[in-house]
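Trainee: Could we take a close look at one part of this protein together? I would like to start with the inside and work outwards from there.

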Amino acid sequence: MQILIEEKRVIATENGKELGEMTFVKSSDQFFIIDHTGVADEARGRGVGQEMVKTFVEFARENGKKIVPLCPFAKAQFTKNPNYEDVLE
């Protein structure tokens with residue numbers, strides 16, 4: 001599985017097929033808002049959403065940004081992973 005970060009979304013792909021998408025907006029120079037996470041039915045239960053959130057957290061750290069997880073799935077991931085607190089806005 002490959003995770004790519006584009007201008008307004010994070011995409012999980014495998015063998016050229018899109019498995020999942022997480023969308024975000026850059027709210028200011030300091031933080032991003034995650035507003036949606038979706039995973040294809042055939043990819044559910046494989047950790048696709050978790051990998052997209054994890055990759056985006058690492059991206060935020062590398063760029064000195066914070067994240068506001070408005071999407072219920074992303075918010076749950078932040079609750080389950082206390083090591084994400086450093087990027088939580």
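Trainee: What percentage of the 89 residues of the chain count as buried? And could you then take me through the nonpolar core and the residues around it?

Mentor: Happy to! Please keep in mind that this is a predicted model. Of the 89 residues in the chain, 38% count as buried.

Let's set the scene before going inside. The chain has two helices and five strands, and along the sequence they come in the order β-β-β-β-α-β-α. The C-alpha trace spans about 35 × 25 × 20 Å along its principal axes. For 89 residues, a compact globule would have a radius of gyration near 12 Å, and the chain agrees with that because its own value is 12 Å. Sequence-distant parts meet as well: among contacts between residues at least 6 apart in sequence, 40% join residues at least 24 apart.

Now for the core itself. In soluble globular proteins, nonpolar side chains tend to be buried together. Here the largest nonpolar core has 21 residues, and Phe56 and Ile67 are those with the most contacts inside it. Five elements each supply at least two residues of this core: the strands β2 (9-14), β3 (17-26) and β4 (31-39), and the helices α1 (48-62) and α2 (72-80). The largest share, six residues, comes from α1.

Try centring your view on Ile67. Setting aside residues up to four places away in sequence, Ile67 touches Phe31, Phe32, Ile34, Phe56, Val57, Ala60, Phe78, Val87, Leu88 and Glu89. Phe56, the other residue named for its core contacts, is in that list of partners.

From there, move to Val48, which is found in helix α1. Val48 has a relative accessible area of 2%, so it counts as buried. Beyond its neighbours within four places in sequence, Val48 is in contact with Met1, Ala12, Leu19, Gly20, Val39 and Ala43. You can also check a spacing here: Val48 and Gly38 are ten residues apart in sequence, and their C-alpha atoms are 9.2 Å apart in space.

Helix α2 holds another residue to look at, Gln77. A relative accessible area of 4% is why Gln77 counts as buried. With neighbours within four places left aside, Gln77 is in contact with Gln50, Val53 and Tyr84.

Next, find Thr13 in strand β2. With a relative accessible area of 15%, Thr13 is buried; the cut-off for that word is under 20%. Its contacts, leaving aside neighbours within four places in sequence, are with Met1, Gln2, Glu18 and Leu19. Met1 and Leu19 may sound familiar, as both were also named as contacts of Val48.

Now let's work outwards, as you wanted, by visiting some loops. Glu6 lies in the loop between β1 (2-5) and β2. Its relative accessibility is 39%, so Glu6 counts as partly exposed. Glu6 touches Ile11 and Phe24, residues up to four places away in sequence not being counted. For a sense of distance, Glu6 and Gly47 are 41 residues apart in sequence and 20 Å apart in space, C-alpha to C-alpha.

Gln30 is found in another loop, the one between β3 and β4. At 52% relative accessibility, Gln30 counts as exposed, because the cut-off for exposed is over 50%. Once neighbours within four places in sequence are left aside, Gln30 is in contact with Lys65 and Lys66. Gln30 and Lys66 are 36 residues apart in sequence, with 6.2 Å between their C-alpha atoms.

The last loop on our route runs between β2 and β3, and Asn15 lies there. Asn15 is exposed, with a relative accessible area of 80%. Look at its backbone too: Asn15 has a positive phi of about 55°, although it is not a glycine.

Finally, let's step back to the outside of the whole chain. The accessible surface comes to about 5300 Å², with 46% of it belonging to carbon and sulfur atoms. As for charge, the chain has 12 positive and 15 negative side chains, and the centres of these two sets lie 2 Å apart.

To retrace the route, begin at Ile67 and its partners, pass to buried Val48, and end at exposed Asn15.

Definitions and conventions: Residues numbered from 1 in each chain as written. Predicted model: local features only at pLDDT ≥ 70, side-chain atom pairs only at ≥ 80, totals over all residues. Heavy atoms only, no water. Core = buried A, V, L, I, M, F, W, Y, C linked by side-chain atoms within 4.5 Å. Buried < 20%, exposed > 50% of the residue type's maximum accessible area, 1.4 Å probe, protein only. Helix = DSSP H or I, 4+ residues; strand = E, 2+ residues; numbered from the N terminus. Contact = heavy atoms within 4.5 Å. Rg over C-alpha atoms; globule rule 2.2 N^0.38 Å. Areas by Shrake-Rupley, 256 points an atom, 1.4 Å probe, with all protein chains shown as cover. Lys, Arg positive; Asp, Glu negative; His and termini not counted. Charge placed at Lys NZ, Arg CZ, Asp CG, Glu CD.
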